[in-house]
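These are my notebook entries on a sheet, the helices that pack on it and one buried side chain.

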Amino acid sequence: MSSKNVMSRLLVLSSVGFGGYLTGTYLERKKVTIAGDYVNSARSHESFCSKPGLPIFGTVSAATPIPADSPSSAVVNVSRVGQIMKYGFPGLDNVRSFDDYVLSYDRRTRVAHWVFEHLTPQTIKHNDAVDRAKCDFKPDESIHPFFRSLNSDYKGSGFDRGHLAAAGNHRQEQKHCDQTFFLTNMAPQVGVGFNRDKWNDLERYVRKLTKQYPNVYCCTGPLYLPRREDDGKLYVKYQVIGSNNVAVPTHFYKIIVMETSDGKLEMESFVLPNQKIDNETPLTMFQVPPETVERAAGLLFFDKLARNKLAKINGKKV
């Protein structure tokens, strides 16, 4: 074969190979582009899904009503978050939005900073189809495993898994009640004399307020308060439980804002020690000025409300 023919064949083969390379590269790029578009599309869709750990705040007004016939659960979720947080966020650290409450999670203590609820006569109305017995305590997988509390942390600790957003406040739908059993909504609480008694009394008191007020906003959380030791100095000490070192709060707070039917606002605030409390002790014994809780928690509650605009604080006219 002449050198001329050899060169011609090499040129043809190289052209075919190069063409195949270009074709293959184009198709591979197309696959990547299509796959990328699919992933991005999925992520875009996912970002609008209502799920714990992916709060959607947007620019929805707090006064926006929930569309009764909206096809988008995301729109409902945004509107509900706006309703719950109408008077402001105490903080924005690791905020998680659920269908009927919002919380801020403290990854260091494995207990929420705060949990916010909005109660109305309709939202707490008993639904026979909702069964608390079907609910299971479960880890919140939206939290990184390093900072997540587990059921095993509570086992054998001597403490209850105490609700911050009370299950009894969320009986409108089974899903709402189920979501209160995420461990991000729990804190180690003394059982007899506290979680099952006086703390439960306070939860029922909050629900009872909806008989008098059309809108009740409740913020609940833990406190780690100092205690004077024998040497005369103040120390902040608290127990931790389980392999994840879940903090045991020394106290718990609830700050409540009630809207009257004519638009007036009242506030009540409570701090209870995480210990057995005599059942005869009235809840009013645990009322404290709201600024006391704010200083202790390092949070500003209902900061969209000027205190001088409140009609009453702890039952007393301002």
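I took helices (H or I, at least four residues) and strands (E, at least two) as DSSP runs, numbered from the N terminus. The model is predicted, so I required pLDDT of at least 70 for local features and 80 or more for side-chain atom pairs, while totals for chains, interfaces and linings use all residues. Residues are numbered from 1 along each chain as its sequence is written, and side-chain values use heavy atoms, without hydrogens and water.

Entry 1, the sheet. I counted two strands as paired if DSSP finds at least two bridges between them. I found eight strands in an open, mixed sheet, ordered S1-S2-S3-S6-S11-S12-S13-S14. S1 (95–97) and S14 (316–317) are the edges; each has a single partner strand, so one side of each lacks a neighbour in the sheet. S1 pairs with S2 (residues 102–106) in the antiparallel sense over three bridges.

Entry 2, the helices. Contact here means heavy atoms within 4.5 Å. Axes are lines fitted to C-alpha atoms, for helices over the stretch in contact, with angles from 0 to 180 degrees between N-to-C directions. I noted that H7 (residues 290–297) lies across S6, S11, S12 and S13 (312–313), at about 135° to S11.

Entry 3, glutamate 259. I located this residue in strand S11. Glutamate 259 is buried (under 20% relative accessible area, 1.4 Å probe, protein chains only), with a value of 10%. I took a polar contact as a pair of N or O atoms within 3.5 Å, one able to donate a hydrogen and the other to accept it. The glutamate 259 side chain makes such contacts with the side chains of lysine 86 at 3.0 Å and tyrosine 87 at 2.3 Å.

Definitions and conventions: Buried means under 20% relative accessible area, exposed over 50%, partly exposed in between (1.4 Å probe, protein chains only).
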